[in-house]
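Thanks for making time this morning. I would like to walk through the disulfides of one protein, and I will go pair by pair.

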Amino acid sequence: MVEELGFSVGPGTTTFAAIRKEKVINLKAPYETDCSASVISNIPGYSKYTTSSCMLTCQTKHIEKECGCRDIKLPVLTDNPEIDVCGLNETATCVFREMGRNFYKVGGDNCSCQVPCETISYKPSLSYGGFPSKSVALDEGKRVWTPNTTTYKSAAEFADALHENMSENLLELNVYFQELGYQLIEQKPDYDKESLMGRYTLTCSKRRGAGRIVH
């Protein structure tokens, strides 16, 4: 979900976000991960299975069942598109209770969301600094300020007010890839079918041979 994957930036800061691409490939059954590569059709905008889409579906159905309406923040499911959006009363008396406590305590355990067979994510590494610097505001103040066009008595006074206004309303965000390649994490079976059967046959042969020697 967006709130789980995103990062926040605030006014008065300059943020450098170094992005690293990561691709994870999991194994299907009978391996333990038992990943899913199914197609999502009940949530508009989703075509590929993800854990988030599964949890959104499960969460939406839980709210619809318990509250009889759909939370405005949750998607419209194609298998129940006519359900009403929760009003203020339903949101206050039911949605907040179910979303905040009961879903994760009871409903979330029943979602049975498999891991996807392929996941691509972008991991940010963040660093922050102040924005803007006072020198920038001072330079801008000297360039713009004139005695006849502002109520400020000096360029320095105007620059201080400009710096305060910019710090409260502006931010700087720099996003770039940390490297041109990406990190690949791929599960591999320890044994394929042929090698597993060969190892099993060899083990059984050794046991039978050892039994004959002891006997």
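Are C35 and C117 buried or exposed? In this model, which I should say at the outset is predicted, C35 is buried and C117 is buried as well. The two cysteines form a disulfide with their sulfur atoms 2.1 Å apart, and the torsion of 90 degrees about the S-S bond makes the link of C35 and C117 right-handed. Since C35 sits in the loop between strand 1 (13–25) and helix 2 (51–67), while C117 sits in the loop between helix 3 (88–105) and strand 2 (118–130), the pair ties together parts that are 82 residues apart in sequence.

Let me turn to C54 and C113, which are also joined by a disulfide, with an S to S distance of 2.1 Å. This pair links distant parts of the chain, with C54 in helix 2 and C113 in the loop between helix 3 and strand 2, 59 residues apart. The torsion about the S-S bond is about -85 degrees here, so the disulfide of C54 and C113 is left-handed. As for accessibility, C54 is buried at a relative accessible area of 14%, whereas C113, at 24%, is partly exposed.

Then there is the disulfide of C67 and C94, whose sulfur atoms are 2.0 Å apart. Because C67 lies in helix 2 and C94 in helix 3, this pair ties together parts that are 27 residues apart in sequence. With -85 degrees about the S-S bond, the link of C67 and C94 is left-handed. C67 counts as buried at 15% relative accessibility, and C94 counts as buried at 8%.

Finally, the overall pattern: the count comes to five disulfides, and, with the bonded cysteines numbered in sequence order, the pairing reads 1-10, 2-9, 3-8, 4-7, 5-6.

Terms used. Residues numbered from 1 in each chain as written. Predicted model: local features only at pLDDT ≥ 70, side-chain atom pairs only at ≥ 80, totals over all residues. Heavy atoms only, no water. Disulfide = S-S within 2.5 Å. Helix = DSSP H or I, 4+ residues; strand = E, 2+ residues; numbered from the N terminus. Buried < 20%, exposed > 50% of the residue type's maximum accessible area, 1.4 Å probe, protein only.
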